[in-house]
Amino acid sequence: MDLWQMVLTDHANIVELCREVLRATGGGPNDRAGLFEELDVELERHFRAEERAIHPALARDDRTRSYLTELGQERQEIRRRMDELAGRPDVNGRDWAQDFKQLAGMISHAFTLEEGGVMTLARTIIEPHELDTMRIAYEREKIASIEARRWHMPQAMMPSRYGASTGMVFGILAGVAAVGTAALLWSQTRQRASSNRPLRPIRRRRAGASPATCARGAGAGSRGPSAAPSWPRSGPIRPTGRCASCSRCRAPTGPS
Ligand SMILES: [Fe+2]
């Protein structure tokens, strides 16, 4: 299905929905208020998809640009009347039906003008490769509109509008959120565990005992910057006291 076929299908569906609104009665699953709401959504979805995917290309050409002004004015009036009817409580009354009938005629007339005017001209001036790009954009706008309604989010935030899979993007975001939550919980648990640990008494050094490590031990088993040997040494290695940090060291103890 090419772009123009998609547009024509939308027009036919909307006109048919208008007829259903007029035929509908007050109650039941397909009541008039519900069908009118559905029409409102479908009409706005179609208008927006055309305005975002097709109209920018039409605005670039002098031959189609003039149609857009007239098209915009008609849509403004249709939207105003839709809003006015949506706010009226007498949706099942005769006056409402009469006013809606006029609006349905206006919608049908606008579609006829669009199909016979700007669309006919656009078929001859838009290149096939650009037409395919526009078709993809039109399709994405409609899918994004459906998903935005389902997720109760703005249409501009829907990944499908930009060609990404909404399910995949939302799945990745959910995964990142789950990992972040798990990391936060783990961090809090560790923090709580360390705060509950009993305090160890501080070991005091005996007076006079040298904290220094022996020179051999410092190189073999001691750790930490304070115990690191300073190479190269000048002169023989001499033990300077009991090795405080090296269990492998067998250097003589006591001050030299
Ligand atoms: Fe249209």
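Here are some questions and answers about this predicted model.

User: How many helices and strands are in the protein chain?
Analyst: Reading along the sequence, the pattern is α-α-α-α-α-α-α-α-α. So no strand turns up, going by the DSSP runs. The count for the protein chain is 9 helices and 0 strands.

User: What does the protein chain average in pLDDT?
Analyst: The predictor's confidence in each residue runs from 0 to 100. In this chain, 77% of the residues score at least 70. The average pLDDT is 81.

User: Over which residues does pLDDT stay under 50?
Analyst: Where pLDDT is low, the predicted coordinates should not be read in detail. The stretch in question still has 26 contacts beyond four places in sequence in the model. It covers residues 217–230.

User: Which helix supplies the largest share of the largest nonpolar core?
Analyst: That core has 13 residues, and A53, I54, V118, A122, M134 and Y138 touch the most other members. Helix 1 (3–23), helix 2 (32–53), helix 6 (118–125) and helix 7 (128–151) each give at least two residues to this core. The largest share, 3 residues, comes from helix 6.

User: Which residues is M134 in contact with, leaving aside its neighbours within four places in sequence?
Analyst: M134 is among the core residues that touch the most other members. Contact here takes C-beta atoms within 7 Å. With the sequence neighbours within four places set aside, the partners of M134 are L3, A53, I54 and A57.

User: At roughly what angle do the axes of helix 2 and helix 7 cross?
Analyst: Two packed helices are described by the angle between their axes and the distance between the axes. For helix 2 and helix 7, the axes come within 9 Å, and the crossing is right-handed. On the helix 2 side, the contact includes V41, R45 and A49, while helix 7 brings residues including A137, Y138 and E141. The angle is roughly 145°.

User: How many nonpolar, polar and charged residues does the contact of helix 2 with helix 7 have?
Analyst: Among the residues making this contact are A53 of helix 2 and S145 of helix 7. Others include R52 of helix 2 and K142 of helix 7. By class, the contact has 6 nonpolar, 1 polar and 6 charged residues.

User: Why does R75 count as partly exposed?
Analyst: R75 sits in helix 4 (residues 62–86). A residue needs 20 or more C-beta neighbours within 10 Å to be buried, and 12 or fewer to be exposed. Because R75 has 17 inside 10 Å, it counts as partly exposed.

Notes: Residues are numbered from 1 along each chain as its sequence is written. This is a predicted model: local features need pLDDT of at least 70, side-chain atom pairs count only at pLDDT 80 or more; totals for chains, interfaces and linings use all residues. A nonpolar core is a set of buried Ala, Val, Leu, Ile, Met, Phe, Trp, Tyr and Cys residues joined through C-beta atoms within 7 Å. Helices (H or I, at least four residues) and strands (E, at least two) are DSSP runs, numbered from the N terminus. Two residues are in contact if their C-beta atoms, placed from the backbone, lie within 7 Å. Axes are lines fitted to C-alpha atoms, for helices over the stretch in contact, and angles run from 0 to 180 degrees between N-to-C directions. A crossing is left-handed if the near helix is turned anticlockwise from the far one by less than a right angle, and right-handed if clockwise. Ala, Val, Leu, Ile, Met, Phe, Trp, Tyr, Cys and Pro count as nonpolar, Asp, Glu, Lys and Arg as charged, and the others, Gly among them, as polar.
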